[in-house]
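Open the model in your viewer and keep the selection box handy. We will walk through it stop by stop, choosing what to select next and looking at what is there.

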Amino acid sequence: MCSAPDCRHERKASASRNWSGPFRKTPGRIFGMGIIRLYQLTLSGFIGNSCRHIPTCSEYGYEAIARHGIWAGGWMTLFRVGRCGPGGTSGLDPVPERLGDRQHWLLPWRYWSSG
């Protein structure tokens, strides 16, 4: 932050609550992120702020698909929503920057814990 009165190069806050980092813009990723964004703009308001994790499940899904693609990110999102239900976990649960050595596209249940 700049404290000088004539400082004009301050960084403005992002208007989007979703992850805005770099990612490969493949058709699957764009489609998956579009579905999540559509949910955020339509149904999310009716359901309310009931997610027990940070980031919320839809923000997690958006970032997971952007970073890891529709297959891995989709499974990670599905399992995250499963962890968010009654008796599930809560708290800080960020999307991993890279997938662990255990994760393999042929073994989707290993995306349950993405570490």
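A residue is called buried here when its relative accessible area is under 20%. By that measure, 35% of the 115 residues of the protein count as buried. What you are looking at is a predicted model.

**Colour by confidence**

Start by colouring the chain by pLDDT. The mean for the protein is 80, and 83% of the residues reach 70 or more. Now select residues 6-13: the pLDDT there is below 50, and beyond near neighbours in sequence this stretch has 4 contacts in the model. Where pLDDT is low, the predicted coordinates should not be read in detail. Among the secondary-structure elements, helix α1 (residues 27-41) has the highest mean confidence, 93, while helix α2 (residues 44-47) has the lowest, 82.

**Switch to cartoon**

Next, show the ribbon. You should find 3 helices and 2 strands, which follow the pattern α-α-β-α-β along the sequence. Of the contacts with a separation of 6 or more, 64% are between residues 24 or more positions apart.

**Select Ser-44**

Is Ser-44, in helix α2, buried or exposed? Ser-44 counts as buried because its relative accessibility is 15%. Show its surroundings, and you will see that Ser-44 touches Arg-17 and Tyr-39, leaving out residues up to four places away in sequence.

**Select Ile-54 and Pro-55**

Zoom in on the peptide bond between these two residues. Ile-54 and Pro-55 are joined by a cis peptide bond, with omega at about -5 degrees. Most peptide bonds are trans. Pro-55 belongs to the loop between β1 (53-54) and α3.

**Go inside: the nonpolar cores**

Select Tyr-60, Ala-64, Ala-72, Met-76, Phe-79, Val-95 and Tyr-111, the 7 residues of the largest nonpolar core. Then pick Tyr-111 alone and expand the selection to its contacts. Setting aside neighbours within four places in sequence, the contacts of Tyr-111 include the core members Ala-72, Met-76 and Phe-79, and also Trp-71, Trp-75 and Trp-105. Apart from this core lies another, of 6 residues, including Met-33, Ile-36, Tyr-62 and Ile-65.

**Follow the charges**

The structure holds 3 salt bridges. For one of them, select Arg-67 and Glu-63, whose closest N and O atoms are 2.9 Å apart. The two are separated by about one helical turn because they sit 4 residues apart in helix α3. Arg-67 is partly exposed, at 23%, whereas Glu-63 is buried, at 12%.

Now select Arg-80, Arg-83 and Asp-93, which are linked in a network of salt bridges. Asp-93 meets Arg-80 at 3.6 Å, N to O. Since Asp-93 is in the segment after β2 and Arg-80 in helix α3, the pair ties together parts 13 residues apart in sequence. Asp-93 is buried at 17% relative accessible area, and Arg-80 is buried at 0%. With Arg-83, Asp-93 forms a salt bridge at 2.8 Å between the closest N and O atoms. Arg-83 lies in helix α3, 10 residues away from Asp-93, and both residues are buried.

**Finish on the surface**

Turn on the molecular surface and select Phe-31, Ile-35, Ile-70, Trp-71, Trp-105 and Leu-106. Together, these side chains make a nonpolar surface patch of about 680 Å². The elements giving two or more residues to the patch are α1 and α3 (57-83). Trp-105 comes from the segment after β2 (91-92) and counts as exposed, at 56% relative accessibility. For the protein, the accessible surface comes to about 8100 Å², with 62% belonging to carbon and sulfur atoms.

Notes. Residues are numbered from 1 along each chain as its sequence is written. Side-chain values use heavy atoms; hydrogens and water are left out. pLDDT is the predictor's confidence in each residue, from 0 to 100. Contact means heavy atoms within 4.5 Å. Patches are made of residues with over 30% relative accessible area and no salt bridge: like charges are joined within 9 Å, nonpolar side chains (Val, Leu, Ile, Met, Phe, Trp, Tyr) within 5 Å. Accessible areas come from the Shrake-Rupley method with a 1.4 Å probe; for residues, only the protein chains shown count as cover. A salt bridge is a side-chain nitrogen of Lys or Arg within 4 Å of a carboxyl oxygen of Asp or Glu. Buried means under 20% relative accessible area, exposed over 50%, partly exposed in between (1.4 Å probe, protein chains only). A nonpolar core is a set of buried Ala, Val, Leu, Ile, Met, Phe, Trp, Tyr and Cys residues joined through side-chain atoms within 4.5 Å.
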